[in-house]
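Here is a quick tour of the fold, the helix packing, the charged pairs and the cysteines. Have the sequence and the 3D view open as you read.

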Amino acid sequence: MFGLGPCDHKEICAMCQYKMRVKQNNNCCAICKANNPEVIITDEKDKTFCEYNLDECVEYTQGSLFFPTDAQRHRFEMLICNRCPFPECADSGKTFKEPLQYKKHLTERHQKYLCDI
């Protein structure tokens, strides 16, 4: 999952977007520094920001973050809470106390990195 703003840069992972927008109160693109009043958290790399209708997206409670579906919002919330987002996993929903444990779980169990999800 990554954050997609009006500048259409797709290189910023969802976690980084969340940290920048919610924790640091920074709405600028990390690549071009353009002000992005809204950001869509998605995994659809073939779409541009303009192809989404914000009125049809699910809005997150903070940071002017939007999701194309409620399922993507849920997966994102699992990520920021250090919970395994994969329902087929035996540890699905488990909260990892340390971010490094969470990253290790994602890498070893699912062959995923936070920027891949």
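## Helix α2 on the sheet

Helix α2, spanning residues 70-80, lies across β2, β3 and β4. Its direction is at about 125° to β4. Keep in mind that this is a predicted model.

## The sheet underneath

There are 4 strands in this open sheet, and they line up in the order β1-β2-β4-β3 with mixed pairing. The edge places go to β1 (2-4) and β3 (58-59); each has a single partner strand, so one side of each has no neighbour in the sheet.

Look at the β1 end for some detail. β1 pairs with β2 (residues 39-42) in the antiparallel sense, over 3 bridges. If you want a spot to check in the viewer, Phe-2 sits opposite Thr-42 of β2. As a reminder, strands of a sheet pair through backbone hydrogen bonds, either parallel or antiparallel.

## Helix α1 and its buried side

Helix α1 covers residues 14-23 and lies across β1, β2 and β4 (65-67). Relative to β2, α1 runs at about 150°.

Which residues of α1 are buried? They are Ala-14, Met-15, Gln-17, Tyr-18, Met-20 and Arg-21. What do these buried residues pack against? Their partners are β1, β2 and β4, plus the other helix, α2. Just after α1 ends, Asn-25 takes a positive phi of about 55°.

## Salt bridges

Searching the whole structure turns up 4 salt bridges. One of them joins the side chains of Asp-43 and Arg-75, at 3.5 Å from N to O. That pair ties together distant parts of the chain: Asp-43 belongs to the loop between β2 and β3, Arg-75 to helix α2, and they are 32 residues apart. Both ends are partly exposed, with Asp-43 at 37% relative accessibility and Arg-75 at 24%.

Two others sit within α2. Asp-70 and Arg-73 meet at 2.8 Å, N to O, and being 3 residues apart in the helix, they are separated by about one helical turn. Arg-73 also reaches Glu-77, at 2.4 Å, N to O. This second pair is 4 residues apart in α2, again about one helical turn. Through the shared partner, Asp-70, Arg-73 and Glu-77 are joined into one network. The general rule behind this kind of spacing: an α-helix has 3.6 residues a turn, so residues three or four places apart point the same way.

How accessible are the members of this network? Asp-70 is partly exposed at 41%, and Glu-77 is partly exposed too, at 24%. Arg-73 counts as buried, because its relative accessible area is 18% and the cut-off for buried is under 20%.

## Cysteines without partners

How many disulfides does the structure hold? The count is 0. Cys-28 shows why: the closest cysteine sulfur, in Cys-29, is 8.5 Å from its own, too far for a bond, given that a disulfide needs the two sulfur atoms within 2.5 Å. Cys-28 is partly exposed, at 28% relative accessibility.

The story is similar for Cys-81. Its closest cysteine sulfur belongs to Cys-84 and lies 13 Å away, so that pair is too far for a bond. Cys-81 counts as partly exposed as well, with a relative accessibility of 35%.

Key
Residues numbered from 1 in each chain as written. Predicted model: local features only at pLDDT ≥ 70, side-chain atom pairs only at ≥ 80, totals over all residues. Heavy atoms only, no water. Pairing = 2+ DSSP bridges. Contact = heavy atoms within 4.5 Å. Axes fitted to C-alpha atoms, helices over the stretch in contact; angles between N-to-C directions. Buried < 20%, exposed > 50% of the residue type's maximum accessible area, 1.4 Å probe, protein only.
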